[in-house]
Amino acid sequence: MERTLVLLKPDAVSRGLVGEIISRFEKADLKLVAAKMVTPTKDLANKHYPPERREFIEGMGNKTLETYKEEGIDPHADLGTKDPHEIGLKIQGWMVGFITSGPVMAMVLQGPNAISEVRKMTGHTVPAKAEAGTIRGDYSNDTPTLANKEKRPILNLVHASGDKEEAEFEINLWFTKDELHP
Ligand code: ADP
């Protein structure tokens with residue numbers, strides 16, 4: 001049995017997709033054990049997307065550079081740098097700005113292999129690459145180059161914990177013990 005943190009980001013809330021997305025998880029037999037609507041503070045957002053986690057920041061920078069390479073576009077023209085850490089920090093700043101811009105529906109889902117099940121149902125980070133049948137594939141169609149040109153994060157509706165360690169950290173960050181129902 002596992003628990004995982006899911007955030008329906010401000011794009012999911014403003015597009016009225018909260019019910020639809022929760023319904024998919026419930027139908028897949030994942031139990032909702034906690035839920036609340038919050039507009040995150042900058043402090044909470046920075047803890048959720050930590051700028052000091054070098055691996056996470058550089059990972060995002062490197063993934064972005066790969067996309068620019070795939071599309072044959074010069075990243076320097078859009079982003080003013082080719083350094084993965086600097087690019088990652090820029091994206092982190094956009095993510096913090098976006099996630100604090102409106103309400104987020106935060107929840108904890110529980111079930112066998114909940115972490116990987118939810119990631120599978122969520123789909124690829126880049127909506128344009130996400131398979132049909134996944135939440136991102138069915139309801140979003142954004143690309144990193146468009147997002148980076150507009151200096152905003154990729155709009156992909158959902159955040160879901162990546163592994164056990166992340167799930168434990170994120171559940172404790174967003175929920176108190178007594179908000180988690182047995
Ligand atoms: P995931 O949400 O699939 O776990 P990451 O942890 O790599 O993906 O990134 C966190 C979030 O940051 C993504 O969901 C997306 O909203 C945003 N993001 C990631 N890479 C980029 C990028 N190159 N440009 C803009 N936003 C990005």
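Here is a chat about the ligand and its pocket in a predicted model.

Trainee: What makes Lys63 a polar contact of the ligand?

Mentor: Start with the cut-off: a pair of N or O atoms has to lie within 3.5 Å. A polar side-chain atom of Lys63 is 2.7 Å from an oxygen atom of the ligand, so the pair counts.

Trainee: What about Arg119 and Asn156, how do you know that they count?

Mentor: Run the same check. For Arg119, a polar side-chain atom lies 3.0 Å from a ligand oxygen. For Asn156, an N or O atom in the side chain is 2.8 Å from an oxygen atom of the ligand. The limit is 3.5 Å, so both pairs pass.

Trainee: How much of the ligand does the protein cover?

Mentor: On its own the ligand has 530 Å² of accessible area, and the protein covers 91% of that.

Trainee: Which residues sit around the ligand?

Mentor: There are 15 of them, and the closest are Lys63, Thr64, Met95, Thr125 and Asn156. Helix H4 (54-71) and helix H6 (84-99) are the elements giving two or more residues to that shell. H4 gives the most, with four residues.

Trainee: What makes five residues of the shell "charged"?

Mentor: Asp, Glu, Lys and Arg count as charged, and five shell residues fall in that class. The rest of the shell divides into six nonpolar and four polar residues.

Trainee: Where is the ligand, in terms of pockets?

Mentor: The ligand takes up the space of the largest pocket, which holds about 1,000 Å³.

Trainee: How many residues line that pocket, and which lie nearest its centre?

Mentor: The lining has 39 residues, with Phe56, Met60, Lys63, Met95 and Thr125 nearest the centre. H4 brings the largest share, nine residues. By class, the lining has 15 nonpolar, 10 polar and 14 charged residues.

How values were computed: Residues numbered from 1 in each chain as written. Predicted model: local features only at pLDDT ≥ 70, side-chain atom pairs only at ≥ 80, totals over all residues. Heavy atoms only, no water. Near = heavy atom within 4 Å. Polar contact = N/O pair within 3.5 Å; in protein donor to acceptor, adjacent residues only side chain to side chain. Areas by Shrake-Rupley, 256 points an atom, 1.4 Å probe, with all protein chains shown as cover. 1 Å grid on protein atoms, 1.4 Å probe; cavity = no way out; pocket = protein on both sides within 12 Å on 5 of 7 lines; lining within 4 Å. Sits in = over half its atoms within 2 Å of the grid points. Points joined across faces, edges and corners; volume = space filled by probe spheres on them.
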